[in-house]
Each structure stands twice: as structure tokens, then as C-alpha cells.
Amino acid sequence: MVEVKNISKTFRLGKKQMALDGAKSKFRTAVRNVSFNAFPGEIYGLLGPNGAGKTTTLRCISTLIKPDEGEIIVEGINAGTDSREVRKRLCLLTNDLKTDPNFTADYLFRFFGRLHGMAQSDISARREILFDAFGIKEFANVKTSDMSSGMKQKLSIAISLVHDPRVVIFDEPTNGLDIITARSVTDYLKELRDNGRTVIISTHIMTVAEKLCDRLGLIMEGRIAAEGTPGGILEMTGAKDLDDAFFDIYRKSKEVPDEE
Amino acid sequence: MRNNIITIMKKELKRVFLDRKLAFAVFIMPGLTIAVIYSLMGGMVDKLGKDTVQYVPVVHTINAPDEFLQAAQEMYGPGITVVMGMPAESEELKAKVMEGDADMLLVFEDDFMNRTSGGLPSVDSYMNSTRDYSVRAEYMITGVLDSLKMGILAQRLGGMEGAAVFETNKKDLADSGEKAGKAIGMLLPMLLTIFLFAGAMQVGMDTIAGEKERGTIATMLMTPVKRGHIAMGKMLSLAIISLVSCLSSIAGIIISLPFSNTIFGGGFELSDLAYKASDFALMILQTAAMALSFVSMICLISSLARNIKEAGGFIAPAYMVVMVMSMSTMFMRPEAGWSYFIPVYGNILCIKDILIFDYAPLHGIYSLLSTLAFSGLMAWLMVRAFYSERIMKSA
Ligand SMILES: Nc1ncnc2c1ncn2[C@@H]1O[C@H](COP(=O)(O)OP(=O)(O)OP(=O)(O)O)[C@@H](O)[C@H]1O
Ligand SMILES: [Mg+2]
């Protein structure tokens, strides 16, 4: 279970970035007062356009960065004060996870298992399951520098799941993957959900949101603009599909004047 | 949790050994380069020395008495060529000496031998001090003239015994071990410093800035390991790697010694080096201290840089400063004790002092204290950098 309570995050922009984006202010608020809960046995999706604050929110939950305001509770543990305990219970997957070159799949898997404080026998057991599920067994002893990008992607997912986390966070799970790999990833996420894990993903792809997620939070310009099941959101807006519903909400969110 | 540091260190060490190019560059190259350069330099100096010995100087004389020619023959035999000339040729011969076509010109006064009993006849000698061969000729001729002088004196006083006033015995009291130490102490600290830095730089940039650039650091940060421990693991493994790399340089120097000892001034054997076990221990301690300073500095810079290129740009000036420091110790030795408080510089000075048998324990303590303070500060800043959100930025 993940409880996100009123988090906000503002970045200070570098000079280069300001020039690049044509930003007027030195500061950019990526996440504004975002709250939601994700429960065990469900896939919660943050759906939003580019720059909406999805990655920033997920990174806050994962303890990689700290929100300026608000609180995040993961499996009953406060992420702000006990980040290491939180990391023991969660993992963050992204579509651009990188693997160290020159090491074999086997070595890296065991290495990260040890860093998670796991016993050798537990690591071996997890290795059996995950290498099987992702078809890594055939190239377990190949150096990552000799792997294809699909192989590397699978390996990095397996590595992130080494400690069998209760909470699985996946930023843009299908981005950059071919249909077959994407399907195997979404299937695996469903399996995790069915096994009682809390799964949170981000996406800007409507079909992914519709087919994969049990509940959605529509995020726009750092704010949660609407929340509900895909069906519920359709009902709420009276739109015929999620695309239209999304634009409907997007337009409405623009009408609300900025309080800042 | 200390386990985590060791796990990370093991992986970092493995990384270097698995990357053949990097391993070669860090562990083999320094030693190999030193061995080759030293052997070549040694060979060149050797050859130069032999050339001078084999060369037969040409000395032109005007009005030289037979006794002089005899004395030269007795002393050097075919080792010197004495050519007799006419007084009229004097200017022409001087020009030859100037241009190096001849090595020396001796102009004796007319009727030289007879005049020795009455007046004080003179010998004018002309040489060119900018030419090695001319200098050598003058050295030889001085000997011949001395012997001629002794002969005349002996005749005057009736026998050799009368002419002998005293004997001189020359002995170089410098301990052969200290001589060798002086020779080694001149170059070794500089080479150690430069190779230590170069090794740490290559690996350090790769291990931290490279990890940011490749984007693998986020996976590490997602483990429950404290960020400070990740930083420490990386730093300590780098310290080990740079020390091993430094050993390779030392091995290179030792391998090349048989061929290169002429560059160090020559004439000593490795076995002359009478360093005690405690000297070695101190030397290793100072080298390790220096490694720690370099490594902590390079790690900090690599943590702040966003990619390898940027790290390289930041480290280059530091490398320059270290090079200048180490080179300056070749020629200068500062008087002031506080110089030993300068990080890195103090270590280099201490290593040099140990090598030339002139080590003051107090100075050693100064330099170790400054090392601790300096690398402590660097490490602290590095850990802070690891806790900053910027550690994940690579663009
Ligand atoms: N480290 C950072 N420093 C400065 N600005 C940042 C940083 N990270 C994100 N931002 C800014 O915050 C905003 C939200 O970014 P975020 O990456 O969370 O969006 P996103 O919803 O994940 O978008 P995308 O679909 O493109 O991945 C963007 O305007 C981005 O430029
Ligand atoms: Mg994103």
C-alpha cells in the first residue's frame, strides 16, 4: 500500500535548462499538492502528457528524491524519515534502466541481491524464478556489453525485482519496447498484481492506461485533475472513449485559474 | 552494513580487471613505460660515456721539448695524439681549436728546457671549454705537464725522493648507499606521484562520472545501501587500484635499473641501497597517504561532474598542479617545516627525504595530518554530493 499525501516538488533550473525551455522563472514546480492511494492487488496508473510530473512523483515515492512538502507512506513506513526501509519494500523500474557493461547477468543479479541484504540461498531462489520468467537463463553468463537492448532491458527488470518487493513502480512500462516484449512486461505486471503486490505505473498512452490499470489518476501540470477507474472516468465525463475523456478533463483543468 | 562497502569494492575491483583495456592502462602501462624509457635513456647515457673514453684527443704543440713528448707518451701512449707544428701556424691552429677540428694547442717558449733552470718560461694553452673533447684534452695535458714539472724538479734536487714533498690520497667518503639513494630520490618521487595520479584519474572518472553518464547509478541508489556507503566503497576501491597501479610503476623502475643506473649518476648497485624495513614502511605509508588525497579529490570531482568529459576537464588543472609540485621537488627542497602541511606536496617531500636518508619524523607527522584533514574534507564533500539529488543528473 502506498499513501501519497499532498506532495509538492519544485526544481531549481540550471541556466542551460532555462535557456532551453525558455523558462521565465528559476524555479519549476513539477508536482503540486498531489495525493492518492494505491492498494495491494491493484495497478494504479498516473496518466498524463509530457512534463506533467509523472516521473517526478514516482521518484519521490521511490525515495530517489524528496518532496518539498507532503508525506509518502509505503507499507506503513514514512519514506521521508525511513527511506532505506522503504527501499527494501519497493522497486523503481524505468524503460531506460541501464546495466553495467562488462559484467554478466548472473554477477549483476547476485551483486544487487547482496546489496539488498539477501542470503545467497534466497538470491538463488529468486534467480530461478525471475530468470525463468524473463527468459534470461540462456544468456545468464553473457556480458551485458554483448547483449541486445531487449536482453538488457529484461535483465534490468529482473535485477530490480531481486528482493521481491511488495510495491512495484514502473515509469512508462512499455515505452521503447516492441509489441512482444511490451506484452510480456504488462503480463508480468498483472501477475504481480494478482499476487497481491501494489503496482504503480505512469504512462501517456491511453490504451495502456485503459487495458492495464485498475485505477487512474489523471495528472496535468503537476496536479491530479481526476481519479477513478477507466470506466468511472468515462462515466464522469460522458465521453465515448478515454481519449475524449482525457481532452475533456484537460480543457476543464485549463479553465481553473492558477492560484499562484 | 560494512558488508555493503566490501561488496561494492569487490565489484569495482572486478570491473577494472574485466575491462582489459583499462586494466592494461592502469596496471601494465605505467611499469612498461617507465622500464622502456629508463632503459633507453640509460643506454644513451652509457653510449655517450663510452664515446668520450674511446676518443683520442688531438693536441697541437709549438716548440714542444722532447721531454714533454716523452712524458705524454709515457702517460697516455696511443691515448693521445700530439702533433708538432711551426710557430707560424699558431693563429691557424687556434682557429682549429675554436672550431673543434683540434682539441688543444700548446705553445711553449723557445728553448723551453734550458730556460727552466734560469728564468720562468711559460706554456700557453688554448682550449675550448664548450667542447667535451677539448675539456678532456686539457685534463690529460695538465697531468702531462705536472709530470714534466716533477721530472725537472727531481733533476734539480738530485733524485725523485728529493722532489717528493707529500703524497695525496683521494677517497670519496660518500656512502655508496647514500649516493644511490640520492640518485633514486631525485626521480622516483616525481614518477610515483604522476603515475599514482594518472592511474587514479582514469579509473575514478569511469567509476563515478562514468556511472552517471551510463545511467547505472540509479539502480545502486534504489538499494537500501546508504549513499554514503556507496561513495565510500567506490573511493576505497579506487585507492586500492591506484596503489596497485603505483606498484607497477615501481616494478618498472626496478626492472630498468640494470640498464638505467647511469642516468642516476651511475656506479651503484641495487644492493647498495641500504633502506631498512622501517624506511619501506614509512614510504608505503606516505604513498598510501598520497593515494588517499588523490583518490578523494578525484572522487569528489567525478561526483560533481555530470559526465566523463566534464570530469576530465575539472581534473586536468589539478593534475597540472600536482605535476608542478612533484617536479619542483626534483630541484628544490624547501627549508620551512610548514611546507610539509601542504597536501600531496608534503607526502612527496617525505618520500624524497626517506629515499635520501634525511627523514624527520616530525615532518612525516605534519604531512600525514594534513593528508587526513584534506582527504577527510574531500570525502565528506563527496558523500554530501552523493546525498544531493544532483547525483542522478547526467545531461
Ligand atoms: N531534476 C530536474 N531539474 C529540473 N527540472 C526538472 C527535473 N526533473 C523534472 N523537471 C521538470 O519538471 C517537470 C515534470 O517533469 P517529469 O519528468 O516529472 O514529467 P513526466 O510527466 O514524467 O513527463 P514525460 O512524459 O515527458 O516523462 C518538467 O517540466 C521537467 O522539465
Ligand atoms: Mg517521465
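Trainee: What share of the area that chain B exposes do carbon and sulfur atoms supply?

Mentor: This is a predicted model, and the areas discussed here are computed from its atoms. Chain B exposes about 20200 Å². Of that exposed area, the part supplied by carbon and sulfur atoms is 64%.

Trainee: What percentage of the residues of chain B count as buried?

Mentor: A residue counts as buried when its relative accessible area is under 20%. Chain B has 395 residues, and the share of them that count as buried is 47%.

Trainee: Why is the site of ligand 1 described as shared, and between which chains?

Mentor: The shell around ligand 1 holds 15 residues, and the closest include A:Gly51, A:Gly53 and A:Lys54. Because the residues that surround ligand 1 come from more than one chain, the site is shared between chains A and B.

Trainee: Which element gives the largest share of the shell around ligand 1?

Mentor: The elements that give two or more residues to this shell are β2 (27-38) and α2 (54-61), both of chain A. The largest share is three residues, and these come from α2(A).

Trainee: How much of the accessible area of ligand 1 does the protein cover?

Mentor: Oxygen atoms of ligand 1 lie 2.8 Å from a backbone N or O atom of A:Lys54 and 2.6 Å from a side-chain N or O atom of A:Thr55. On its own, ligand 1 has 630 Å² of accessible area, and the part of this that the protein covers is 74%.

Note on methods
Residues numbered from 1 in each chain as written. Chains lettered and ligands numbered in written order. Predicted model: local features only at pLDDT ≥ 70, side-chain atom pairs only at ≥ 80, totals over all residues. Heavy atoms only, no water. Buried < 20%, exposed > 50% of the residue type's maximum accessible area, 1.4 Å probe, protein only. Areas by Shrake-Rupley, 256 points an atom, 1.4 Å probe, with all protein chains shown as cover. Near = heavy atom within 4 Å. Polar contact = N/O pair within 3.5 Å; in protein donor to acceptor, adjacent residues only side chain to side chain. Helix = DSSP H or I, 4+ residues; strand = E, 2+ residues; numbered from the N terminus.
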